[in-house]
Amino acid sequence: MNAQKLVVIGQGYVGLPLAMRAVEAGLDVVGLDVDADRVKRLASGESFVEDIPADRLGRALASGRYRPSTEYPDAEGFDICVITVPTPLRDGVPDLSFVEQAGTAVGPYVRRGCTVVLESTTYPGTTEDLLRPLLEAASGLRSPGDFHLGYSPERIDPGNPTWRLENTPKVVSGVDAASLERVDGFYRRLVERTVPVDSTRVAELTKLIENTFRQVNIALINELAMASHQLGIDAWQAIEAASSKPFGFMPFRPGPGVGGHCLPIDPCYLSWQVKRTLGRPFRFIELADDINHQMPEHVAQRVMAGLNRIGRPVNGARLLLLGLAYKKNTGDMRDSPAVDVARRLQALGADVHAVEPYAEPQHIPGGVVLVDLTAREVAAADAVVLVTDHDSFDYDLVTRHARYVFDTRDRCRGAMVERL
């Protein structure tokens, strides 16, 4: 019996781990991506996703059951197709053009009995009201009835060694009972536990709830940190003390802002839909978004004030930023607040150097000098700014040689350290 054929559209931080896991589960996988350079690198065994080491990618290629491609005709005859393309914001409005392009391109290869699943984060109604008509128009088939259609929100957490694709519960849904059965059966081959829900709209909202919860609570703690600094209170110590309560409290910690594809974007999908559909703002989301977007400017102003206290103007100062990715132990720089901090400090006239061991050089902001973390680099800096707290950083080296450290992550200790 031939293995089922899976097409994964999008070979980034979500699609590539899914493709690798599916190969390991015995499926034949075509990984489609419009980025020809990315596909070429994958075909040569070069992984750009930290969670997928080169040897794992190499094994998938050697099995003959993983084929990266830019050509949609390679999708012909698929049993299952999963769409994992980006869904960015454009001027505050959801941009579903990548979903539209994927649906239109794969639609001609939809056949009777196949299953299509959307994983891209989006507002409730996208699967049924946007994707389904595209697939039906291109294929001449109908869902439910001729083919199965569902939604399953991605829960990939880059750099997390504990919670991976296979042991993170997977929410699954379908446009009807038969579709749900097919979608659930597919993911049960890949993960330890599935969580079926009644409709694609429920599944779509589930993802937005998860990220809105984080966005709102991070904003609360960020505003608390700003106020506590002005009041002369150690917010970090207060948070740790509050964390000792064994019930009714979940700790969140301050930072330079939020980044990645999820937190700066996903809650805005929900607030946009509420405003468009119900005619009223989603005030918590809009306030949280505003607070978190203020944080890079707050960090830049605190660094400038710290430099003033040691008699060094920010204009012309040499600054060393530790970390440019949005999340520690990854090279993902999508919407990274660290990049925003770097640009704001540059705009104040600072000479910005940065240590970023994970990101590719071509993604480093213009004018920022990429360096290694050495005692000489630390000593040469007028200030060290810890923005992304990679575990690989030698924080003892930093505190031994730095004149002044502004720490947004509570990793450094010493008389010269000032915390967010």
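**Exercise 1. Determine how strands β12 and β13 pair, and place them in their sheet.**

Solution. Strand β12 (residues 351-355) pairs with β13 in the parallel sense over two bridges. Here strands (E, at least two residues) and helices (H or I, at least four residues) are DSSP runs numbered from the N terminus, and two strands pair if DSSP finds at least two bridges between them. Within this pair, H353 has V369 of β13 as its bridge partner. The enclosing sheet is open, has six strands with parallel pairing, and follows the order β13-β12-β11-β14-β15-β16. Because β13 (369-370) and β16 (417-419) each have a single partner strand, they stand at the edges, and one side of each is left without a neighbour in the sheet.

The model is predicted: local features need pLDDT of at least 70, side-chain atom pairs count only at pLDDT 80 or more, and totals for chains, interfaces and linings use all residues. Residues are numbered from 1 along each chain as its sequence is written, and side-chain values use heavy atoms, with hydrogens and water left out.

**Exercise 2. Identify the strands that helix α10 lies across, and state its angle to β16.**

Solution. Helix α10 (residues 283-309) lies across β11 (318-322), β14 (383-386), β15 (405-407) and β16. Its angle to β16 is about 150°. Axes are lines fitted to C-alpha atoms, for helices over the stretch in contact (heavy atoms within 4.5 Å), and angles run from 0 to 180 degrees between N-to-C directions.

**Exercise 3. Describe the eight-strand sheet and the helix α5 that packs on it.**

Solution. The order of this open sheet is β3-β2-β1-β4-β7-β8-β9-β10, and its pairing is mixed. Its edges are β3 (66-69) and β10 (194-196); each has a single partner strand, so one side of each lacks a neighbour in the sheet. From one strand to the next, the twist averages 25°. Strands β4 (residues 80-83) and β7 (residues 115-118) run parallel and are joined by four bridges, with C81 having V116 of β7 as its bridge partner. Helix α5 (residues 126-139) touches β4, β7 and β8 (148-151), and its direction makes about 145° with that of β8.

**Exercise 4. Characterise the protein chain as a whole.**

Solution. The protein chain holds 13 helices and 16 strands. Its C-alpha trace spans about 70 × 50 × 40 Å along the principal axes. Of its 420 residues, 54% count as buried (under 20% relative accessible area, 1.4 Å probe, protein chains only). Among contacts between residues at least 6 apart in sequence, 69% join residues at least 24 apart.

Technical notes:
Buried < 20%, exposed > 50% of the residue type's maximum accessible area, 1.4 Å probe, protein only.
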